[in-house]
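Student: I've got a new structure to look at, and I'd like to know what the descriptions of it rest on. Can we go through it together?

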Amino acid sequence: MNLNGKIAFISGASAGIGKAIAETFAEAGANLILSARRIDKLKVLAEDLHSKFGTETQLIELDVRNFDKVEAAIKNLRSAWANIDILVNNAGKAKGLDKIQGGLLSDWEEMIDTNVKGLLYLSRLILPGMVERASGHVVNIGSIAGLEVYPSGNVYCASKFAVHAISKGMVIDLNGTGVKVTNIAPGLVETEFAEVRFDGDKSRAEKVYQGYKPLEAQDIADIALFAVTRKHHVQIQDILVTPLDQATATIVNKKQ
Ligand code: NDP
Ligand code: 8X3
C-alpha cells in the first residue's frame, strides 16, 4: 500500500482524523498539502513528517467556509503541487446537540458552511484537474450521522446526509472519467470532535467516549489508505465503520 510520488490534499489536517490520515499517507510515501485554520499545528505536524519520512509539505492556513480564500489557495499552488492525486474532504464538525426548535442559527450555519459548502468548494476547484488527467481519488469523510438521524442531531445529521448524497453524485457524474470516489462513514471516533461540539466542555466531551472502546483516528486513516491504494479498476464507494460496541448511532454497549 504505497503512495510514492502522489500528492494528497487533506482538509482539516491539524487534528483528529485529518491529522492521522496525513501521518498515514506520509508514511506510505505521499507528499502532502495540509490545510486547516490552526497553521501552528500544521507546522509542527509538517516538521514531524519531514523528520520521520522525508515528507514534502505545503501548508495552507485555510477556513474552508471562505470560497475566495479556497479558490486563491488552489490557484496559487506552484506547478509542482498543482496536480493533486488525492483529495481528502475531512474538515468538519458538529456544533451543539439541541432540539431543532431550540437550535442556534450560528451553529447551523457553521456546520452547513463547513461540512457541506467547504467540501463542495474544494471539490469544485480540484476535480476539473483530476478529470483532465483522467486520474484522481476523492475521499469524503461522511458519518454514521449521514445514514441515521438521531435525537438532537438534526442539522449535523442533515449536513452528513448531504455529504453522502454529494459522494454518490460524484460517483455518478465522474463515471467514465477515471476519477474514484470513496465515502467513509465512521461511528464514534475519539478526537477533538466532542469538545468542539460542546464548545470546549471537556468533561461533557469525555463522557461521549467513556464505558466502551471508541474508534481511534488511526482506524479511519488505515481505511482511507486501503481505499486509495486498490488496483486501478477497483472503486470502494462506501464504508461504514463503528466501534465493536456501537450498533447504531444511538445503540452503544456502554459499561458504566
Ligand atoms: P476534530 O475536531 O478532531 O478535527 C476537525 C478538523 O477540521 C480540524 O483539523 C479542524 O482544524 C478542521 N476544521 C474545522 N473547521 C474548519 C474550517 N472552517 N476550515 C478548515 N478546517 C476546519 O474532529 P474529527 O477529526 O473527528 O473530524 C473530522 C471529520 O470526521 C469531520 O468531518 C467529522 O464530522 C467527521 N466525523 C467524526 C466522527 C467522530 O466521532 N469524531 C465520526 C464521524 C465523522 P482547525 O480547527 O485548525 O481549522
Ligand atoms: C460523528 C458521529 O454519532 O457523534 O459524526 O454523530 S456522531
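What follows is a short talk about the ligand site and the chain as a whole.

Tutor: This is a predicted model, where local features need pLDDT of at least 70, side-chain atom pairs count only at pLDDT 80 or more, and totals for chains, interfaces and linings use all residues. Residues are numbered from 1 along each chain as its sequence is written, chains are lettered from A and ligands numbered from 1 in the order in which they are written, and side-chain values use heavy atoms, with hydrogens and water left out.

Student: What makes the link between ligand 2 and the side chain of Ser 143 a polar contact?

Tutor: A polar contact is a pair of N or O atoms within 3.5 Å. An oxygen atom of ligand 2 sits 2.5 Å from an N or O atom in the Ser 143 side chain, so the pair fits the definition. Tyr 150 has such a side-chain atom 2.6 Å from a ligand 2 oxygen, and for Tyr 156 the value is 2.6 Å.

Student: How much of ligand 2 does the protein cover?

Tutor: It covers 88% of the 240 Å² of accessible area that ligand 2 has on its own (Shrake-Rupley method, 1.4 Å probe).

Student: Why does the size of the chain agree with a compact globule?

Tutor: The rule is 2.2 Å times the number of residues to the power 0.38, with the radius of gyration taken over C-alpha atoms. For 256 residues that gives a radius near 18 Å, and the chain has 18 Å, so the two agree.

Student: And what share of the residues is buried?

Tutor: Buried means under 20% relative accessible area (1.4 Å probe, protein chains only), and 50% of the 256 residues are buried.

Notes. A polar contact is a pair of N or O atoms within 3.5 Å; within protein, one must be able to donate a hydrogen and the other to accept it, and residues adjacent in sequence count only if both atoms are side-chain atoms.
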